[in-house]
Amino acid sequence: MDGREFMGRLKKEVGKAVVGKEDVIELLTIALLSEGHVLIEGIPGVAKTTIAKAFSRAIGLSFSRIQLTPDLLPADIIGVFYYDQKTGEWTTKKGPIFANVVLADEVNRAQPKTQSALLEAMQEMQVTIEGTTFPLPRPFLVIATMNPLEHEGVYVLPEAQLDRFMLKIEIGFPSKDEEMALLRRKSLGDFSDVEPIVTHEELVGLISEVKKVEASDEILEYIYSIISATRSDERLLFGASPRAGEHLLYAAKSSAFLDGRSYIIPDDVKKVALPVLTHRLVLKVEYELEGVKVRDVVEDILRETEVPV
């Protein structure tokens with residue numbers, strides 16, 4: 001199947017368990033096909049976990065959920081090396097990180113040393129237990145969630161960890177029509193099990209096709225101009241890293257593929273620029289006090305950057 005057909009079938013299947021949220025499903029798909037990771041920010045009760053579980057089920061991948069808490073240790077995520085008295089041998093017990101889709105729920109509740117256990121997994125697609133390296137299943141997608149309202153009992157995510165998330169998705173309250181549809185379906189019990197729409201081999205093939213999407217020199221120059229503008233904007237404490245440029249390119253490739261094209265156009269870059277950049281940029285305090293948002297800065301940069309013809 002091509003990208004457009006895949007996206008249509010995926011939205012329809014996830015829609016069996018989720019009302020609306022098609023933009024969230026599309027961004028999750030972009031991250032998956034780009035082999036990136038996602039940070040979801042939203043208050044409790046807006047279906048973050050439901051979306052993640054339905055998404056992983058629809059693409060036929062293994063799923064695990066890690067509820068992060070202040071007392072969670074790195075070994076609780078990656079696993080341990082222990083002595084089995086029954087067999088008389090040392091054995092590895094793999095942790096919940098060994099799944100295709102890993103939901104790290106309330107990631108900012110864990111201590112920094114536990115959060116850092118995700119770093120090697122997210123960047124290198126592997127983990128190390130007692131000096132032994134284990135590859136993670138492919139594809140591998142971390143979906144981390146944060147509650148933006150709570151400030152007690154939480155830890156600030158290190159910039160190095162934030163930069164490893166390809167996309168940040170903000171989920172707010174549903175519209176009236178969506179919430180009414182949700183209530184009607186809940187009242188009628190009109191929800192059904194989500195079934196896989198693609199095999200593992202087909203999904204790996206789709207990821208390979210995304211890598212073949214072409215980016216002209218003009219598009220690469222356009223991406224660089226956007227990234228460079230964040231580094232010189234006086235409202236920002238520091239700008240986007242080279243990794244941000246890479247993620248912008250990969251996400252734009254996936255966007256083009258899902259739109260049925262084998263090449264990137266400027267609209268693909270614009271479409272993914274906000275979710276790729278907003279969590280990586282830090283405002284200067286004086287502008288933050290004036291009510292300026294990072295989103296405003298990124299939108300200004302997109303308007304002012306010359307678009308290739």
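The following questions and answers concern two loop residues and one strand of a predicted model.

Colleague: What is the nearest side chain of opposite charge to R164, and how far away is it?

Modeller: R164 is found in the loop between α7 (159-162) and β9 (167-170). R164 is buried yet has no salt bridge. A salt bridge requires a side-chain nitrogen of Lys or Arg within 4 Å of a carboxyl oxygen of Asp or Glu. The nearest side chain of opposite charge is E124, at 6.2 Å.

Colleague: Which residues does R164 touch, leaving out those up to four places away in sequence?

Modeller: The count uses heavy atoms within 4.5 Å. With the residues up to four places away set aside, R164 touches H37, L119, M122, Q123, R243 and H247.

Colleague: Which residues are the bridge partners of E41 in β8 and in β9?

Modeller: E41 belongs to strand β1 (residues 38-41), where L39 and E41 on one side and V38 and I40 on the other are all buried. Strand β1 pairs with β8 (residues 141-146) in the parallel sense over 4 bridges, and 4 bridges also join β1 to β9, again running parallel. The partner of E41 in β8 is M146, and in β9 the partner is E170.

Colleague: Why does T278 count as buried?

Modeller: T278 is placed in the loop between α12 (266-277) and β11 (282-283). Buried means under 20% relative accessible area. T278 therefore counts as buried, because its relative accessibility is 16%.

Colleague: The backbone oxygen of which residue lies 3.0 Å from a polar atom of the side chain of T278?

Modeller: Leaving aside neighbours within four places in sequence, T278 is in contact with K168, V294, R295 and V298. The backbone oxygen at 3.0 Å from a polar atom of the T278 side chain belongs to L274.

Note on methods:
Residues numbered from 1 in each chain as written. Predicted model: local features only at pLDDT ≥ 70, side-chain atom pairs only at ≥ 80, totals over all residues. Heavy atoms only, no water. Helix = DSSP H or I, 4+ residues; strand = E, 2+ residues; numbered from the N terminus. Buried < 20%, exposed > 50% of the residue type's maximum accessible area, 1.4 Å probe, protein only. Lys, Arg positive; Asp, Glu negative; His and termini not counted. Pairing = 2+ DSSP bridges. Polar contact = N/O pair within 3.5 Å; in protein donor to acceptor, adjacent residues only side chain to side chain.
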